[in-house]
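Here is a walk through a predicted model. We start with one helix pair, then turn to the chain interface and the domains.

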Amino acid sequence: MLDLLLSTLLDLLTLKHMTFMMVGVTVGLVIGVLPGLGGIAGLSLLLPFIYGMDQTSALAMLIGLVAVVPTADTFSSILMGIPGSSASQATVLDGFPLARQGEAARALAAAFFASMLGGMFGAVVLTAAVLAARPIILAFGSAELFMLTLFGLSTVAALSGGNLAKGVAAACLGLAFGMIGAAPATGEYRMDFDTLYLSDGLPLVIVGLGIFALPEMFDLLRGGGAIAQKGQSLGRGWFRGVRDVMRNPGLVLRCSGIGALIGAIPGIGGSVVDWIAYSHAMQTSKDRSQYGKGEIRGVIAPESANNAVQGGALLPTLLFGIPGSGSMAIFLAGMILLGLQPGPSMAERDLNITYTIIWSLAIANLLGTALCIGLAPGIAKLTLVRYTLIAPFMVMVLCFAAFQATRSYYDLLALLAVGVLGVFMRRFGWSRPAFLIGFVLSLGAERYLYQAVQFTGWDILTRPLVLVILALTLLSLWAGLRKSGGTAAINTEGAADGSRAARMWPQLAFAAVVLGLFVFTFAEGMKNSYLAMLFPVAVACVGGACALWVLFRQSRGAVAAGSANFDTEAEAKDRGPWPFLGWFLGFVAVTGVIGFFAALVLFFLAFLRVVARCPWWQVLVLTAAACSFLLVLASSLNLLFPGGVLQAHVDLPWPLR
Amino acid sequence: MTPITRRTLMAGGAALASAPVAAQAQARVDFSGRTLEWVIPFAEGGGSDVWARFLAPFLSRHMPGRPSVIIRNVPGGGSITGTNDFYARARPDGMSFIGTSGSTQVPFLLGDRRVRFTYANMPPVFVSPTGGVCYLPARFGVANAAELGKLRGQELVYASQGATSLDVVPMLAFEALGLRVRHVFGMRGRGEGRLALERGEASIDYQTSSAYLRQVVPMVQAGNAVPLFSWGVVDAQGVPQRDPTFPDIPHFTEAYEMMHGRKPSGVAYDAYLAFATAGFAAQKPVMLPPNTPANIVETYKAAFASMMTDPELLANKDAALGEYEQATGDAIGPLYRLGTTIAPDAREWVRNYLTTNHNVRF
């Protein structure tokens with residue numbers, strides 16, 4: 001085994017193979033930096049080129065990309081407050097506040113260093129586990145997977161913000177949104193309004209961007225300035241970030257372990273790992289007062305976990321041919337195009353291929369971290385730029401990322417709808433992380449409970465592994481709910497101080513809307529046969545009860561409502577996020593008429609001139625830059641932009657088509 | 001299911017008119033300098049995507065004028081969205097074509113009301129068959145299909161992707177054989193189904209050919225699993241034949257005879273055969289938009305036929321195509337018809353069966 005490890009390493013370390021790996025790493029870096037685009041888009045970009053390449057070069061290139069995305073996506077999470085990909089949503093919670101306090105350099109350094117350690121950990125796990133992972137993976141049946149989704153949901157307790165009832169209601173709302181589409185037990189379509197678009201469910205990338213990115217963008221635009229409010233110390237803090245990581249070796253190790261394990265179990269998926277790691281960091285901290293306001297441990301934990309996921313996720317991909325995530329599915333396709341079929345022999349006959357992959361993972365993690373650190377000072381300067389200049393680019397990239405989901409106009413509408421919900425949830429302190437966790441785990445929870453009961457009956461509760469996970473879940477609940485240092489819970493939705501409103505009706509109205517959504521879920525749920533009805537109805541009842549409780553508290557008046565009274569607009573003097581939401585709405589509407597590309601050009605011209613008040617030359621230069629960037633990306637992905645009414649009637653040349 | 005519209009009638013007329021013309025030598029269309037779009041109504045990374053991406057560079061090489069061929073993924077609605085869209089919008093100029101799969105044929109054959117396309121109106125230019133093998137854990141003591149009678153009264157468990165998915169084929173197969181099988185839905189892919197069997201949760205399973213070779217054959221060699229039957233392939237008359245990848249494994253119809261001692265017949269068997277042919281023996285057709293002129297259709301057919309003689313393709317085809325005879329030229333028509341049609345009474349029977357047993361509402 002040792003000489004095989006060595007010989008595969010030497011084979012990889014030739015100029016040719018390393019060149020291809022650098023190609024993968026570079027593409028991964030660019031794709032990762034762009035918010036919303038992750039491994040799926042990056043691998044699709046490279047897939048057409050692997051034809052005819054030798055296996056080692058191609059694997060090095062693909063893995064190079066996979067390994068660097070969760071490192072590079074940290075940029076937009078920390079600097080822009082926009083999740084770079086679904087794997088780094090939790091990084092936003094503390095990374096972005098750090099950037100706003102002018103500590104972007106420290107946060108980035110900590111994140112990159114933690115990412116690298118996590119990635120290395122993943123590679124080590126893969127080396128050791130590939131020989132023995134089969135029984136471990138097989139030990140996780142549907143019952144265990146169901147318990148893991150419960151474990152994931154238990155983190156809501158820690159992430160529910162200042163008010164537990166609101167947090168639980170938000171999680172239930174996420175669960176309800178996750179149930180849109182075909183029911184796992186019967187295939188009945190729920191809450192799809194008889195549309196093909198919703199019959200597949202809402203795409204995760206759209207929910208993630210809508211719920212986090214859009215509200216953040218509107219808020220930054222209102223501020224009028226740059227992202228960094230105290231931008232002077234930007235260049236410093238690099239060593240401090242690395243030291244922060246060194247000071248928390250246990251946390252890095254535990255979170256990498258969580259990442260590798262969850263990644264290795266097919267069916268849970270990497271998009272919840274960052275939240276589990278984040279809440280783990282919180283639960284194990286003595287002083288939790290800084291979480292959500294710029295706690296460096298809140299950056300280290302998810303970042304060490306999300307890189308370790310990749311190593312773990314390769315196990316089921318290589319051994320069973322079952323991709324653990326969306327990007328692994330495309331990696332698998334790449335392997336088949338190279339003439340490689342995954343299977344048990346990856347741990348026997350084809351061990352050399354497995355080791356090539358492992359070495360690629362380790363080396364690409366190193367290269368990626370080095371590149372990110374090298375690029376960071378330049379990219380971090382973006383936080384000093386007036387945000388009105390950045391916003392149109394963000395709109396472009398967000399919409400581009402959103403319509404990667406199904407390549408249709410509906411993707412933009414869905415982004416808008418979820419974005420509006422996100423704006424209100426943010427304003428009234430309904431935990432968006434809780435919503436997202438509910439959304440991600442929704443179908444998994446329902447599917448695995450149904451399958452476990454169908455496969456084994458209710459004696460699933462006596463399986464030892466189930467009991468272990470149950471104990472962990474209870475522990476996590478207790479740790480999330482316990483009081484620490486006088487503060488009840490963290491503020492995932494900004495500071496509670498200054499958010500006590502005197503005027504209660506906006507909050508009451510939103511709580512009523514939430515209640516209405518649960519009533520709708522209940523009614524829609526009841527239309528189904530028993531198995532497809534159970535989950536929506538149960539979620540609607542729990543969520544509805546919580547929403548009622550919140551309404552009850554809020555209706556007793558501003559003071560009596562206590563922590564249920566939360567309105568970040570309470571003391572706002574401006575016109576709120578509405579003008580900017582209006583701009584976005586206008587853009588989506590115009591897209592519906594003249595198509596995405598033409599609408600984008602108009603949007604850039606108008607926004608830069610009217611809102612950013614740029615001189616015409618600057619307007620034109622920025623618009624041209626944006627368009628050429630978009631065209632290069634779209635043409636290399638063979639993309640058509642979503643069309644509008646115009647395109648339905650007139651034949652236009654690409655990119656207007 | 002699809003009402004006869006003026007358009008369908010016209011297309012039918014066009015097909016009739018072009019039939020004798022097609023026999024003559026047609027002027028080939030030259031695609032020099034053009035970019036052809038191969039629409040795949042699935043996301044990147046799926047089976048159909050890999051299949052198209054493997055073939056695209058070869059097709060480009062054999063098309064007159066060597067145009068570039070790009071894959072355009074239009075995912076959504078379990079492939080109905082992309083196919084509907086192509087059917088309604090693609091221009092019949094040979095610049096775009098579509099490759100669907102068994103997962104597209106199943107809702108079409110079931111008469112899913114969201115389906116807005118008709119296979120008969122799209123001229124096929126290539127059909128790529130595949131196969132699969134159904135197997136059982138060795139612990140049941142069943143050595144082959146002839147001993148399936150031993151299972152009488154026992155309930156087997158199958159981990160299914162859904163009652164209206166491609167897994168309707170094994171469902172109909174078990175029904176026709178008279179096996180008592182509980183279907184547990186919600187699997188996302190056959191890989192998860194196999195995992196459930198390896199964990200002991202499911203007790204009967206099938207895998208498509210390449211996954212069977214790679215993942216199940218080691219289990220069979222270790223004495224942990226027993227192959228029962230393959231889906232088989234069909235000849236031009238639709239009669240099942242053994243799968244060339246698994247010449248030693250009986251196909252379903254043989255297995256039925258081994259178990260029951262007589263040939264299968266009746267509407268349940270007809271229904272099974274229609275769906276099995278659509279899902280495996282005649283899955284993954286490549287089609288041009290409705291009303292495409294005959295010379296373009298012929299150009300495509302010739303390019304696909306010539307592509308299948310490319311020595312480089314033949315040397316590398318195993319991973320993406322397997323051992324199967326790819327239908328080109330005159331073989332396309334019969335196979336395409338078999339894979340995209342079903343007798344009305346068989347369709348009605350399946351719809352009733354799914355509604356009665358699995359609450360499917362059509």
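**From a helix pair to the domains**

In chain A, three residues of α11(A) meet three of α24(A): A169(A), L173(A) and A176(A) on one side, V514(A), L517(A) and T521(A) on the other. The residues of this contact are five nonpolar, one polar and no charged.

Now take the geometry. Helix α11 of chain A spans residues 164–178, and helix α24 of chain A spans 505–526. Their axes come within 11 Å and cross at roughly 40 degrees. α11(A) is therefore oblique to α24(A). The crossing of the two helices is left-handed.

Step out to the chain interface. Chain A gives 40 residues to the contact, and chain B gives 40 residues. On the side of chain A that touches chain B, α3 (39–46), α12 (196–199), α18 (326–337) and α22 (432–456) of chain A each supply at least two residues. That side of chain A divides into 20 nonpolar, 17 polar and three charged residues.

Chain B has its own internal division. Domain 1 covers 21–129 + 282–342, while domain 2 covers 132–279. The centres of these two domains of chain B, taken over C-alpha atoms, are 28 Å apart. Their contact takes 18 residues from domain 1 of chain B and 17 residues from domain 2 of chain B.

Which elements of chain B give two or more residues to the domain 1 side of this contact? They are α4 (102–110) and α13 (332–340) of chain B. α4(B) gives the most, with seven residues. The residues on the domain 1 side of chain B divide into ten nonpolar, seven polar and one charged.

Definitions and conventions:
Residues numbered from 1 in each chain as written. Chains lettered and ligands numbered in written order. Predicted model: local features only at pLDDT ≥ 70, side-chain atom pairs only at ≥ 80, totals over all residues. Axes fitted to C-alpha atoms, helices over the stretch in contact; angles between N-to-C directions. Helix = DSSP H or I, 4+ residues; strand = E, 2+ residues; numbered from the N terminus. Parallel < 35°, antiparallel > 145°, perpendicular 65-115°, else oblique. Left-handed = near helix turned anticlockwise from the far one by under 90°. Contact = placed C-beta atoms within 7 Å. Nonpolar A, V, L, I, M, F, W, Y, C, P; charged D, E, K, R; others polar. Domains from an automatic or database assignment.
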